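Biologist: Could you walk me through how to read a helical fold like this one? I'd like the general idea and then the case at hand.

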Amino acid sequence: MTSSRTAEFVRRLVDPDPAVLAQVDNPDEITARILRATLEQAELVGMRRSTMEDVARRSGVGRATLYRRFPTKAALTDAIVLAEARRFMEGSSQAHARGDTLEDSLVYGTVFSVTFMREHALLKKLLHTEPETILPSLTIDAGAILDFATEHSAALLRNDIYGEAATTLAQERQLRTAAELQTRLTLSFIVTPHTSIKLETIDDTREFVRTYLLPMVTG
């Protein structure tokens, strides 16, 4: 992707087409089957090689039914990306909300993020079969994605630490710095899963959070 395509990708994520949003937010039984079949097909062969005919066949619906809900492959792709992005953001928010302390929130949030990225079949497939499609947007052209994810991470940290209380400029600067560092760390785990950092168990993750993340977040 070029930088402009990455920015356009994020724009569609932040401000999705109302028709696509409606299909993701309130899918009927047939639409849910189509979205599930699209994800399964893409996990097998990648997004580029998946066709509308493949999706219609796998979901058990007619081509006319598929095209009424998703007029183009681009609209169907947008729906999948939006659904998966929302699944991640909602999951991370729920994970943070489980914690009674800041440390617990960071532990649960880290466990969720690491597990989600490591086990996401489509993401792994794209990195393996279509690296030229996705890698630039996670590396040299990641600016728009970095900003978007940093905003989300900063909002979670703000709620974890300050709740509804107002924050000072210095506190906001600390929040955004910590959020960006967390986001950059997550992107590096996606691109290079190999690591010597121990995150296999909840105890490993708690030690990592207590030693590195918590001091960085609290300053």
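What follows is a short talk through helices, cores and contacts in this predicted model.

Biologist: Let's start with a single helix. What span should helix 10 have, and what is the distance between its end C-alpha atoms?

Modeller: Helix 10 covers residues 143-162, which is 20 residues, so at 1.5 Å a residue the span should be 28 Å. The end C-alpha atoms are 27 Å apart, which agrees. Right after helix 10 comes G163, with a positive phi near 60°.

Biologist: And which residues of helix 10 are buried?

Modeller: General idea first: an α-helix has 3.6 residues a turn, so residues three or four places apart point the same way. In helix 10 the buried set is I145, L146, T150, H152, S153, A154, L156, L157 and D160.

Biologist: Now the interior. Which residues have the most contacts inside the largest nonpolar core?

Modeller: That core has 32 residues, and the ones with the most contacts inside it are I34, L66, F70, L76 and L122. Several elements give two or more residues to it, including helix 2 (18-25), helix 3 (29-45) and helix 7 (102-119). The largest share, 7 residues, comes from helix 6. There's also a second, separate core of 16 residues, with A179, F189, L199 and F208 among them.

Biologist: What does L66 touch, beyond its neighbours within four places in sequence?

Modeller: L66 is in contact with I34, M52, V55, A56 and V61.

Biologist: Back to helix 6 for a moment. R86 lies in it, but is R86 buried, partly exposed or exposed?

Modeller: Buried means under 20% relative accessible area and exposed means over 50%. R86 sits at 25%, so it counts as partly exposed. Setting aside residues up to four places away in sequence, R86 touches L21, D25 and G91. R86 and L13 are 73 residues apart in sequence, yet their C-alpha atoms are 9.2 Å apart in space.

Biologist: Last one: how do the axes of helix 11 and helix 12 cross?

Modeller: Two packed helices are described by the angle between their axes and the distance between the axes. Here, the axes of helix 11 and helix 12 (residues 202-218) come within 8 Å and cross at roughly 140°. Roughly antiparallel would need an angle over 145 degrees, so helix 11 and helix 12 are oblique to each other.

Biologist: Which residues meet there?

Modeller: From helix 11, Q174, A178, L181, Q182 and L185 meet F208, L213, M216, V217 and T218 of helix 12. By type, the residues of that contact are 7 nonpolar, 3 polar and no charged.

Notes
Residues numbered from 1 in each chain as written. Predicted model: local features only at pLDDT ≥ 70, side-chain atom pairs only at ≥ 80, totals over all residues. Heavy atoms only, no water. Helix = DSSP H or I, 4+ residues; strand = E, 2+ residues; numbered from the N terminus. Expected span 1.5 Å × (residues − 1). Buried < 20%, exposed > 50% of the residue type's maximum accessible area, 1.4 Å probe, protein only. Contact = heavy atoms within 4.5 Å. Core = buried A, V, L, I, M, F, W, Y, C linked by side-chain atoms within 4.5 Å. Axes fitted to C-alpha atoms, helices over the stretch in contact; angles between N-to-C directions. Parallel < 35°, antiparallel > 145°, perpendicular 65-115°, else oblique. Nonpolar A, V, L, I, M, F, W, Y, C, P; charged D, E, K, R; others polar.
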